[in-house]
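Here is a set of short exercises to work through with the model open beside you. Try each task before reading its solution.

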Amino acid sequence: MNLFVALSLLDLTFLTNEYVANTDNIIGCKLMAGFMHYCLLTSFTWFGLEALHLCMQLSRSPTPIKHYITKICIAGWAPAAIVVAAIFAMQKYNQIVIPTDTGKDVKMCWITDAAIHYVVNIGYYSIIFAFTFSTFVIMLRWIFLLKKTKLKNGKPAAGSGKKGTATGTSDALTVMGLSAILGLTWGFAFFAYGALRLPSYYIFTILNSFQGFFLFIYYYKTSKLVGENMTSDSTTANSAATEATSMENPYEEPKPL
């Protein structure tokens with residue numbers, strides 16, 4: 001939910017930024033630049049926290065954390081405010097003019113110092129990207145091992161035909177959902193140089209246009225899976241069956257009989 005709020009605020013400030021810049025109100029433009037920068041940094045932070053949350057879910061022996069929601073919210077929203085306040089105190093937010101190929105200049109409220117932009121934004125996202133990409137690889141390996149474990153235990157696997165196609169589509173949506181929730185698609189814009197810059201910008205724009213859709217699909221599939229597991233557990237508890245339904249961890253060694 002916090003990631004949705006951060007991304008929504010970022011989109012809102014980006015869409016209204018040019019309008020505020022065209023008013024030539026210096027104070028309003030500085031506030032807009034600072035708030036949009038704050039939304040950008042919090043979005044990056046929540047990408048990292050989502051990756052951290054996934055890593056904690058994969059832990060073999062998770063340790064309970066007191067006031068987890070409160071602590072995670074403070075970690076997601078507070079540090080960016082400190083960074084923005086420091087840059088605001090240095091008077092580095094103002095109106096900038098962006099030249100275009102059409103000859104018409106575009107005004108924007110943003111950071112006026114390129115060095116601060118590269119260090120704070122690109123440097124910070126590079127660290128987040130390294131962590132989230134590692135988590136993405138681990139999650140893909142976990143999903144692969146989980147399916148492999150189910151096959152070894154004799155559970156039915158995805159069939160051929162329509163069922164196999166549906167499973168492939170579901171896996172593709174899961175991968176895209178993980179990419180969206182971890183913010184991996186932002187890497188196309190931050191690491192685009194030379195001849196690949198223009199294609200990377202197009203890919204970045206297209207993928208992030210569907211970021212909300214992929215997030216919706218991912219959370220829908222996750223909530224549906226949780227609901228099915230809760231229903232299955234409730235049915236098992238009320239029946240005379242002695243075998244419990246649980247999520248298997250493919251990293252654990254099978255318990256001896």
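**Exercise 1. The enclosed space**

Task: Find how many cavities of 30 Å³ or more the structure holds, and work out which residues line the largest cavity.

Solution. Keep in mind that you are looking at a predicted model.
- Step 1: Begin with the count, which is 1 cavity of 30 Å³ or more.
- Step 2: Take the volume next; the largest cavity holds about 40 Å³ of space.
- Step 3: Pick out its lining, made up of Met176, Ser179, Ala180, Thr185, Leu207, Gln211 and Phe214.
- Step 4: Ask where these residues come from. At least two are supplied by each of α5 (162–181) and α8, and α5 gives the most, with 3 residues.
- Step 5: Sort the lining by class, and you get 4 nonpolar, 3 polar and no charged residues.

How can such a space be found at all? Rolling a probe the size of a water molecule over the atoms shows where empty space is left.

**Exercise 2. An open space**

Task: Describe the second largest pocket by its volume, its lining and the classes of its lining residues.

Solution.
- Step 1: The volume of this pocket is about 1500 Å³.
- Step 2: Its lining is formed by 37 residues, and those nearest the centre are Phe14, Met108, Trp186, Ala189 and Phe204.
- Step 3: Two or more lining residues come from each of α1, α2 (26–57), β1 (93–98), β2 (106–111), α4 (114–152), α6 (187–190), α7 (197–209) and α8 (211–238).
- Step 4: Which element gives the most to the lining of the second largest pocket? That is α1, with 9 residues.
- Step 5: By class, the lining of the second largest pocket divides into 24 nonpolar, 9 polar and 4 charged residues.

**Exercise 3. Checking a helix**

Task: Compare the expected span of helix α1 with the distance between its end C-alpha atoms.

Solution.
- Step 1: Helix α1 covers residues 2–22, so it has 21 residues.
- Step 2: At 1.5 Å a residue, the helix should span 30 Å.
- Step 3: The end C-alpha atoms of α1 are 31 Å apart, which agrees with that expectation.
- Step 4: Now look along the helix for a bend. A kink of about 40 degrees is centred on Thr16.
- Step 5: Finally, list the buried residues of α1: Leu3, Ala6, Leu7, Leu10, Thr13, Asn17, Val20 and Ala21.

**Exercise 4. Unusual backbone angles**

Task: Locate Asp24 and Gln91, and say what stands out about the phi of each.

Solution.
- Step 1: Recall the usual case: most residues other than glycine have a negative phi.
- Step 2: Asp24 is not a glycine, yet its phi is positive, at about 60 degrees. Asp24 sits in the loop between α1 and α2.
- Step 3: Is Asp24 buried or partly exposed? Its relative accessible area is 45%, so Asp24 is partly exposed.
- Step 4: Gln91, also not a glycine, has a positive phi of about 60 degrees. Its place is the loop between α3 (68–89) and β1.

**Exercise 5. A buried polar side chain**

Task: Decide whether Asn121 is buried or exposed, and name the partner of its side chain.

Solution.
- Step 1: Find Asn121 in helix α4.
- Step 2: The relative accessibility of Asn121 is 0%, and buried means under 20%, so Asn121 counts as buried.
- Step 3: The side chain of Asn121 makes a polar contact of 2.6 Å with the side chain of His37.
- Step 4: For the wider setting, 32% of the 257 residues of the protein count as buried.

Methods: Residues numbered from 1 in each chain as written. Predicted model: local features only at pLDDT ≥ 70, side-chain atom pairs only at ≥ 80, totals over all residues. Heavy atoms only, no water. Helix = DSSP H or I, 4+ residues; strand = E, 2+ residues; numbered from the N terminus. Expected span 1.5 Å × (residues − 1). Bend = angle between axes of the 7 residues up to and from the residue. Buried < 20%, exposed > 50% of the residue type's maximum accessible area, 1.4 Å probe, protein only. 1 Å grid on protein atoms, 1.4 Å probe; cavity = no way out; pocket = protein on both sides within 12 Å on 5 of 7 lines; lining within 4 Å. Points joined across faces, edges and corners; volume = space filled by probe spheres on them. Nonpolar A, V, L, I, M, F, W, Y, C, P; charged D, E, K, R; others polar. Polar contact = N/O pair within 3.5 Å; in protein donor to acceptor, adjacent residues only side chain to side chain.
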